[in-house]
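Student: Before we look at any details, could we go through this structure together, one question at a time?

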Amino acid sequence: MGRLIRSLVAAIALAALGAYWLATFDAYTVFRGDGRLTASRPPNAANGKVLFAAGGCFSCHASPSSPDRLHIGGGQPLKTPFGVFYPPNISPDPVDGIGRWTVLQFIRALREGTAPDGHSYYPAFPYPSYRHLTPEDAADLFAYIKTLPPLSGRTPEHALFFPYSVRQGLGLWKLAFLDARVIENDLTRPPEWNRGHYLVEGIGHCAECHSPRSLAGAVIAEKRLAGGPAVEGKGFVPNLTPDRTGLGEWSEAEIASVLRDGFTPDFDSVGGAMADVVRNTAQLSDADRMAIAIYLKSLPPIAGQSRSK
Amino acid sequence: MILRRFVLAFSLSALATVAIASTANIGERQQIMKSNGGATKPVVAMLKGEAPFDLAVVQKSLANYQDNIGKFVTLFPDDSKSGEKTSASPKIWEDMAGFKAAADKFAADAKMASTAITDEASFKSNMPNVLKNCGSCHEAWRVKDPQ
């Protein structure tokens, strides 16, 4: 009898240890990573600047007190059904920002959602999309961010509801929902399509807002990019697939155009969070905006909720 | 008994009037925004170089914006917060002064541009400043719901 209890205790302890290890970032790297965490060439800050605009880093990491789009001291609250997130200071300040990070730490943050001290980020930071970036692009973005003004000041801790407040769960969440593989070029498709695919599904992280999410906070795969309820309270995010309820009636030129000046084909002006996205995409090249349009128009149409006129 | 019926009928008709009033406001708001869109279409085509510059058309659009927005802000009574596919954000009623200030800024920018714009060069340098109001107002004061 004593032996049985002892074996039971040992089994439970082992299971607990196993679960604990699975929740660490090492397990994620082992099971889901593709090992590409170092850049194969010197960083290019000019490309980093393009990626900074395409990713809209400023839109979440803005310093609330400054309208300067190069000030990324963080702290602007992001209210979601999971609680309030405070995006951190990602300016190159050595104390409060990421000034002392190594490039490897930055790449791991972006591609694996793992902080330098080993804890996992909440996917409000859209690494479920950024994980698809090449390490070269991630290093370029880091090089560019290092040129921005360092700002002091730490942001408040996230104020989340239970069980989302248990950070350890994130390691398991990553194992369950993510792989960390770079988007590879599809050689059967033209280069513009591949560029669009990379921008939309990688750095642009369009699906993070333009898709419905499950209770576990993961994007519902079969409704990816088909629009859904706005994460921040009342409202609705439109369907980007070429369905009748989405961009079905839009031409590629019209999609590229809305990303430049914010006007839809019937001369409505996009609002809500998209207004600031357009301030970012307006900085991209015409070719990049067109690539995004080409990729979106190539998607299988998925029915979403209708857009209101 | 008659009195009771009278009261009931009276309250019902009062309710119906309120409902019609709000519906009319929301419909009118939407018409005004459509009219703004219509005024913007030729202007953006000119900015993009897809249509030749036409000063008369530009001035007409700028005048439309000013007329439209002046009327627009008067169409948000408390009973018009919801219904009829409205995309008005609840924030409008929480901060009516801020909402009106944003509308005034749009009207002032349009007015300033109508004085400043005399040729194609002044059009290209002044018009974007007016159009920025579209996005910034929709960013702060509009919430789209699926209908």
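Student: In which order do the three strands of the open sheet in chain A lie?

Tutor: This is a predicted model, and in it three strands of chain A form an open sheet with antiparallel pairing. Strand S1 (78-80) and strand S3 (159-160) of chain A are the edge strands, each pairing on one side only. The order is therefore S1-S2-S3.

Student: Which residue of S3(A) stands opposite A:Gly83?

Tutor: Strand S2 of chain A covers residues 83-85 and pairs with S3(A) in the antiparallel sense, over two bridges. Opposite A:Gly83, in S3(A), stands A:Leu160.

Student: How many residues apart in sequence are the parts that the salt bridge between A:Arg154 and A:Asp96 ties together?

Tutor: In this salt bridge of A:Arg154 with A:Asp96, the closest N and O atoms are 3.4 Å apart. A:Arg154 lies in the loop between helix H7 (135-145) and S3 of chain A, whereas A:Asp96 lies in the loop between S2 and helix H5 (103-112) of chain A, so the parts that the pair ties together are separated in sequence by 58 residues.

Student: Is A:Asp96 buried or exposed?

Tutor: Its partner A:Arg154 has a relative accessibility of 65% and counts as exposed. For A:Asp96 the relative accessible area is 17%, and the cut-off for burial is under 20%, so A:Asp96 is buried.

Student: What does A:Arg131 count as at 10% relative accessibility, buried or exposed?

Tutor: The side chain of A:Arg131 meets that of A:Asp179 in a salt bridge, at 3.4 Å from N to O. A:Arg131 lies in the loop between helix H6 (127-130) and H7 of chain A, and A:Asp179 in the loop between helix H8 (169-177) and helix H9 (191-203), so this pair ties together parts 48 residues apart in sequence. A:Asp179, at 30% relative accessibility, counts as partly exposed, whereas A:Arg131, at 10%, counts as buried.

Student: Which residue of chain B belongs to the salt-bridge network with A:Arg69, A:Asp276 and A:Arg279?

Tutor: Over all chains the structure holds 19 salt bridges. Some of them share partners and so join A:Arg69, A:Asp276 and A:Arg279 into one network, and the member from chain B is B:Glu139.

Student: What share of the residues of chain B count as buried?

Tutor: Chain B has five helices and zero strands, and along the sequence it follows the pattern α-α-α-α-α. It exposes about 8,300 Å², of which carbon and sulfur atoms supply 63%. Of its 147 residues, the share that count as buried is 35%.

Methods
Residues numbered from 1 in each chain as written. Chains lettered and ligands numbered in written order. Predicted model: local features only at pLDDT ≥ 70, side-chain atom pairs only at ≥ 80, totals over all residues. Heavy atoms only, no water. Pairing = 2+ DSSP bridges. Helix = DSSP H or I, 4+ residues; strand = E, 2+ residues; numbered from the N terminus. Buried < 20%, exposed > 50% of the residue type's maximum accessible area, 1.4 Å probe, protein only. Areas by Shrake-Rupley, 256 points an atom, 1.4 Å probe, with all protein chains shown as cover. Salt bridge = Lys/Arg side-chain N within 4 Å of Asp/Glu carboxyl O.
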